[in-house]
Structures are given as structure tokens and as C-alpha cells.
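Please open the model in your viewer and keep the selection panel at hand. The tour goes from one pocket to another.

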Amino acid sequence: MVIVYSARKIITMERNCPIATHVAVKDGVIVGVGGPNCGDGWGPVLRDDRFAAHVMMPGLIEAHAHVMAGGIWRFTYCGHYTRKDPDGTTWPGVGDDTGLIARLRDIATKTPPGTPVVGWGFDPNFLAGGSLDREKLDEVSTEHPVALLHSNFHLMTANSKALWQAGIDVQTNIPGVVRGADGTPNGELQEFAAMGPVMAVMGVNFADLADADAVRAYGQVARNCGVTTVADLLSDLEEAEVDMLIRVTGDDAFPARYVPVMNAMRKDPETEAQRALALKRRSTEKLHLGRAKLFTDGSIQSGTAKLKAPGYFRLDDHSIWNMEVEHFRAAIRALHRAGVKTHVHTNGDAASELAIDAFREAMIETPNADHRHTLEHVQLAGLDQFKRMRALGLTVNIFTNHVYYFGDLHWTKTVGPDRAARMNAAHDAWEVFGGDFAIHSDAPVTPMAPLHTAWIAVNRLTETGRQLGASQKITIAQALHTITLGAAYVLKLDDKIGSIQTGKRGDFTILDGDPLETEPERLRDIPIVGTVLGGMVVV
């Protein structure tokens, strides 16, 4: 059976037929695009006109987020702006320390003594009344271990009981344990080595936030914002987890294609490379395996990212390499040599420099014409770095949401006005990569909503309305490309998704408005009507 969907307008992202009114799908694959008769000749036709008054475009793609965007809601939201959970419940933001302490204390009173109390989404840079430390969190409870995951998930703040249970004290010699003037840990833990002991005693394991229920919730997060392909940019992908993912994503009710990227930092590089290759062979129609993830630095807003001169503006430099540099270089060589598509976390421009240099060395040793290794975030990467990336065949996935959610902080504190004005430089990227790049949310660091991410790239306005570098704006058409065909290119799935084109999967997002005809400032306000996956309407 051929299903022919009609729409007021179909934006195909395909140059040979950029605009249409009908699309025909058979067995999940597009067989015709154009007018009412585009499905003729392919068999019996079922006409579906439920979207006739709406606008259709290729299924939106979130190419950098994390599955814990579904599971993290098991803990208490403590961010400064309002968010919605996977079920659509609204959680008001908390703007001062008094409100935050009260929210966590309320949870503690309902929690048996000794049981951990965990909050997430916190960022001290947006907290009126000063930042939180160990003693402040002791006001929540001295009978419970209490910890707050910062919104960037690179920092954590813990109370005295949590530190004591984790064995962190004045004698502790772990990089990233922040101390007061007397040498006593003040509760702030920077990056994973320092956070790990407290996470263990708190029962906070990112792998546990990727169980079957979390994956289903993640699918719902994607469905709610019109996403039909969603990546998870760091997953251990042990055998039991992969079995679960095959089962969950194989359910007809799961609303998206899923692209989990393997953590390649746990074992020796050669072993990790072979594991990625073995995983690729287990891919299914809705589960795409075989990619690897590496880390370099931390986050800019916490001061743990690696910056080139002149460094941080009005923020102390706590920069950390999350992988030993030689281990990172060896991992790049091994993964590239094995032909494993690799994604590398690089926030600061010094981190981008390390990654460029490591890939250059690997490619001299083992040429590969279409690897599409991807530098993720690249928030401070310069035009010169973009050009060297392109020359090496690298691509980028830009953390555009930072402009809106953290732009004011970057302007006033982290890197200063000059560099903040060209952070997450989508215009420069378009000139260099010609559309072969993506923009992303990094959910749950910021909310997943590709139309909002596109709105940020088009308008470059911060949360307070500050214009953050008008020269780096891109057009609406370009922004839509980066959340469809550009994102598909980054995931190396552009032969299957990203445009409405004969031979590709029938994945569509339905909008109650035309993004190409709307005013730039209203792009994010276009309602999502629904999605179609493999030719079937998602309910």
C-alpha cells in the first residue's frame, strides 16, 4: 500500500524539488514527491489528508543530546528558568538561594534519613544571593547526603554528609576538588574525577539514567518537539544495554530513530575501536550504532574548558583535560585507523586545537576520504580552525543554545564581549562547511527544541535580549538545513534522512505555520502538530 500525504506546503530540503504539496511513502520509504499523483504506479494508493492545512518538512534531527534528558527528571529540577518534563509538567525556575534551599528541603522532609537528595539544573552564575557551598547545602539537611548537579553536568556541589560518605576531606588529592582558604573542601567538585566518589555514594550513575524507562521518556521528549531522529552523545553500550535498546526502539510505539554514541574512553584504544565496529553490526532500522565519543576539556561557564590566549575574562581558570592528552591522541589514532566515526567534545578553542592536531596526525598515518569525524560544541573555534577542520574532512556540531541560555554570562564574565560576539559561529561555519554541519541543544543541559535552536542561530539573542554578534546570524533557510540535512550529514545518515526525497525514509515533522514565511523573531513560536516516522503517523 502506498500512502500519499498532502500538506498545504512541503519544504523538502531537496534542491530538485524544493517545494511540494504531496509525498508518497511505501514500506517506510519515499517513492514520490510533488503533486497529488506522485504515488501513481507504485501500487494501490491510500490518501491521507489530515495534514492538508499544515506545513510539512523533513523530520527534525537532534544530533547532540543525552538520554538522561528523559531519566534526569527522577531527581529534583533546580534551574533558574522554567522547563517542562517529558510528561509536559511545568517546573518553575528557582532564582535565589532561599528558594533553592526550600525546594530541596521539602524533598528532604519527605525522604527517609540517610537517603540521598539530588537536584539538577543548577548554575551558580544565575543564582541571586550568592553561590552555594557545602555549608549552604547543610541547611537542606545534615541527616541526608545532598548534592546538586550543575546544569552543564561537569560540576557538582555537595553537602558535608555527602563529602564525608565519599571520603573527601582535607587529605584528598583529586584534581577538581575545590577548597576554602583553610584547605577544607568547600563542596564544589569540578569534572568527573572529582565528582565520581560523591556520585557513587549518592547513587547517581549516568548509566542508570539510560534504562528502558529513561529511553522511552527520551523518545517522548523528542516527539514533543518534533524530532524524529535523536542522538545520545555518550553511552557505555554494554551488551545488556544494547539488547534493551534493540527491544525498546524496535517497539512500533517508540517515536524516533535513535543514535547512541559509544563511550570510547574506558578501555585501551584498540579494544574500544573493535568494540565500536562490533556494535555497528548490531544496528537496526531505528537503532544506529558504531560511533565513538571522546572528551577533551570541560565547560566554559564553569572555567574548566581549555582556552587559548587571552584566557578567561573575569573567571578563574580551572581548566581540566578530561582525558590524558596522550591517551586522547592514541584513541584518535586507533579509532580513525579502524574507520570508526568519532565525535569529540571540544568547548574551548585550545581543545579544538588539540583535536585538530590529533586528527591531522591520524590522517597522515591512515588516509580516509569520508570519515566525517565531528568536533562537538566548538564554542570558541575560530575561522582559521574551521578552515583547517574542513581541509581535514572534519565537520562540526555547534552548541548554538549557549548563545541564548549562557550568552549574557559569556559577555560579562567568562570570555568578554569580543569573543562572546562570535561564539558558536554559525555564519562562519556556513561559509566554510557549506551547510554540512549541525546545531544542537545538548539536552538536558538546555531544553531540546530544534525550532528554538534554529531561532537562536537566526536571531542570536540572549535570555535578556542582548544581541550577541549579529555578524554570526544565519538565515531561516540555513538554520532549518542545520537541523535536518546538515544534522543528517553530521551523523552520516544523510543517505537515509534529512530531506524529503525519493529513496529516503518517510520521516516528517508537521508544523502549524510556515517557517520560511514567518518573521525571524517568531520562528520558535510555530507549534509542532505531530510527526511521521517511516511513513506512519506517530501518536
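What follows is a short walk through two pockets and their linings.

This is a predicted model, in which local features need pLDDT of at least 70 and side-chain atom pairs count only at pLDDT 80 or more, while totals for chains, interfaces and linings use all residues. Residues are numbered from 1 along each chain as its sequence is written, and side-chain values use heavy atoms, with hydrogens and water left out.

Select F192, F206, L234, M265 and F295, which are the closest to the centre of the largest pocket among the 43 residues that line it. A pocket here is an open set of points on a 1 Å grid over the protein atoms alone, where a 1.4 Å probe fits, with protein on both sides within 12 Å along at least five of seven lines, and lining residues have an atom within 4 Å of a point. The volume of the largest pocket, meaning the space filled by probe spheres set on points joined across faces, edges and corners, is about 970 Å³.

Next, colour α5 (191-202), β15 (227-235) and β17 (292-295), each of which supplies at least two residues of this lining; helices (H or I, at least four residues) and strands (E, at least two) are DSSP runs, numbered from the N terminus. The largest share, five residues, comes from α5.

Now move to the second largest pocket, which holds about 800 Å³ of space, and select K84, C225, P447, M448 and A449, the closest to its centre of the 24 residues that line it. Colour β8 (83-84), α6 (212-224) and α16 (450-459), each supplying at least two lining residues, and end on α16, which gives the most, with three residues.
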